[in-house]
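Colleague: I have a model open on my screen. Can you show me how to read its features, one at a time?

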Amino acid sequence: MEIFYEIAPLKKKLAALKLQNKTIGFVATMGALHQGHISLVEKSNKENDFTVVSIFVNPTQFNNKEDLEKYPRNLEADFRLLEDNECDMVFAPAVAEMYPEEDTRKFELGDVAQVMEGKYRPGHFNGVCLIVSKLLDIVNPDNAYFGQKDYQQIAVIRAMVKKYMHGFKGNIVSCPIVREKDGLALSSRNSHLDEGQRKSAVIISQTLFKAKELSDKGATCKEIEEFIKKSIATDANLCLEYVEIADKDTLLTIKESKPKNAVICITVYDGKTRLIDNILL
Ligand code: AMP
């Protein structure tokens, strides 16, 4: 596995591979890697000749300074895990490499970037677009893999590529959520949870699974939402930030009484840790 800290040598290496008609898969991460990230690496390995993983805690997507400072970092362990999982190239740049000067681009993507996370984390998706557009530009992969764990993020990235990256011909590939045995969606932020909070966290996914059952049995959006609010409120560690039953493509709130082509997106504070999860109906 080759490790790159700078853009130029990575681009040189990739240009040589492309001259040999090799296909490149790409996985963008913020490190503190877990099996969720590795599932993307495995898919990329299967579908491409070479896999590049980036590890970069992107400051422009954090709208909360403390969250950025606290974000778990463990580069050496990440390198080992990637090596063990047959990653070919890692790109782990410093902030100054990615942002030699302030990047003032503004991405206007409409509703898809304004609802839910867009509303509760102002500036977050603009920061995501800044970094993902740079990374896609550098790596120019045939396939870029993103997890459905960040459901809205994939929709935003697709919209960004369509509107702003006409030269990009690769595919944005959406991959299923990897969960712990008890259902908790894997997340780097789970490492912030203490034992009690970890127990509480399970309620989030269990609530979503039950919500899907209710929906399958014909419940209305209102009934499903009320069930979710009540279920999260049963645990003293948990505080619901929002729950939305939204159209799975436009991400707009479903107006019809029963959900159709819908995704439930939920954000819950477990103590001070902000956890997100979702389920397709
Ligand atoms: P992050 O390091 O949190 O920015 O995530 C990097 C990529 O891994 C994103 O595309 C995430 O959606 C994806 N990812 C994170 N957690 C999971 C998970 N539990 N299952 C599937 N993909 C995930």
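Modeller: We will take a strand pair, then salt bridges, then the ligand. Keep in mind that this is a predicted model.

Colleague: Start with the strands. In which sense do β8 and β9 pair, and over how many bridges?

Modeller: Strand pairing is read from the bridges between two strands. Here β8 (residues 262-270) and β9 pair in the antiparallel sense, over eight bridges. For a landmark, find Val268, which stands opposite Leu275 in β9.

Colleague: How many residues lie between β8 and β9 in the hairpin?

Modeller: Two residues lie between β8 and β9. Look at Gly271 in that turn: its phi is positive, about 65°.

Colleague: How many residues of β9 are buried?

Modeller: Buried means under 20% relative accessible area. In β9 (residues 273-280), seven of the eight residues are buried, so by that cut-off the strand is mostly covered.

Colleague: Arg274 sits in β9. Why does Arg274 count as buried or exposed?

Modeller: Arg274 counts as buried because its relative accessibility is 15%, and the cut-off is 20%.

Colleague: Which side chains make polar contacts with the side chain of Arg274?

Modeller: Glu117 is one, at 2.9 Å. Glu241 is another, at 2.7 Å. Leaving aside neighbours within four places in sequence, the contacts of Arg274 include Tyr120, Arg189, Tyr242 and Thr267.

Colleague: On to charge. What is the general idea of a salt bridge?

Modeller: Side chains of opposite charge can pair when their charged atoms come close. A search of this whole structure finds 15 salt bridges. One of them joins Glu241 and Arg274, at 2.7 Å from N to O. That pair links distant parts of the chain: Glu241 is in strand β7 (residues 238-247), Arg274 is in strand β9, and they are 33 residues apart.

Colleague: How exposed is Glu241?

Modeller: Glu241 is partly exposed, with a relative accessible area of 23%. Its partner Arg274 is buried, at 15%. There is also a network: salt bridges with shared partners join Asp67, Arg121 and Arg189.

Colleague: Which salt bridges lie within a helix?

Modeller: Take two cases. Asp216 and Lys212 meet in a salt bridge at 3.5 Å, N to O. Both lie in helix α10 (residues 195-216), four residues apart, about one turn of the helix. Asp216 is exposed at 56%, whereas Lys212 is partly exposed at 26%.

Colleague: And the second case?

Modeller: Lys222 and Glu226 meet at 4.0 Å, N to O. They are four residues apart in helix α11 (residues 221-233), so about one helical turn separates them. Lys222 is exposed, with a relative accessible area of 60%. Glu226 is partly exposed at 45%.

Colleague: Now the ligand. Which residues come nearest to the ligand?

Modeller: Start with the surrounding shell, then check polar atoms. There are 16 residues around the ligand, and His37, Gly147, Asp150, Val178 and Leu186 come nearest. A polar side-chain atom of His37 lies 2.9 Å from a ligand oxygen. For Asp150, a side-chain N or O atom is 2.6 Å from an oxygen atom of the ligand. Val178 uses its backbone: an N or O atom there lies 2.9 Å from a ligand nitrogen.

Colleague: How much of the ligand does the protein bury?

Modeller: Taken alone, the ligand exposes 480 Å², and the protein buries 92% of that.

Colleague: Which elements give two or more residues to the shell?

Modeller: They are β2 (24-29), α2 (35-47) and β5 (143-147). The largest share, three residues, comes from α2.

Notes
Residues numbered from 1 in each chain as written. Predicted model: local features only at pLDDT ≥ 70, side-chain atom pairs only at ≥ 80, totals over all residues. Heavy atoms only, no water. Buried < 20%, exposed > 50% of the residue type's maximum accessible area, 1.4 Å probe, protein only. Pairing = 2+ DSSP bridges. Polar contact = N/O pair within 3.5 Å; in protein donor to acceptor, adjacent residues only side chain to side chain. Contact = heavy atoms within 4.5 Å. Salt bridge = Lys/Arg side-chain N within 4 Å of Asp/Glu carboxyl O. Near = heavy atom within 4 Å. Areas by Shrake-Rupley, 256 points an atom, 1.4 Å probe, with all protein chains shown as cover.
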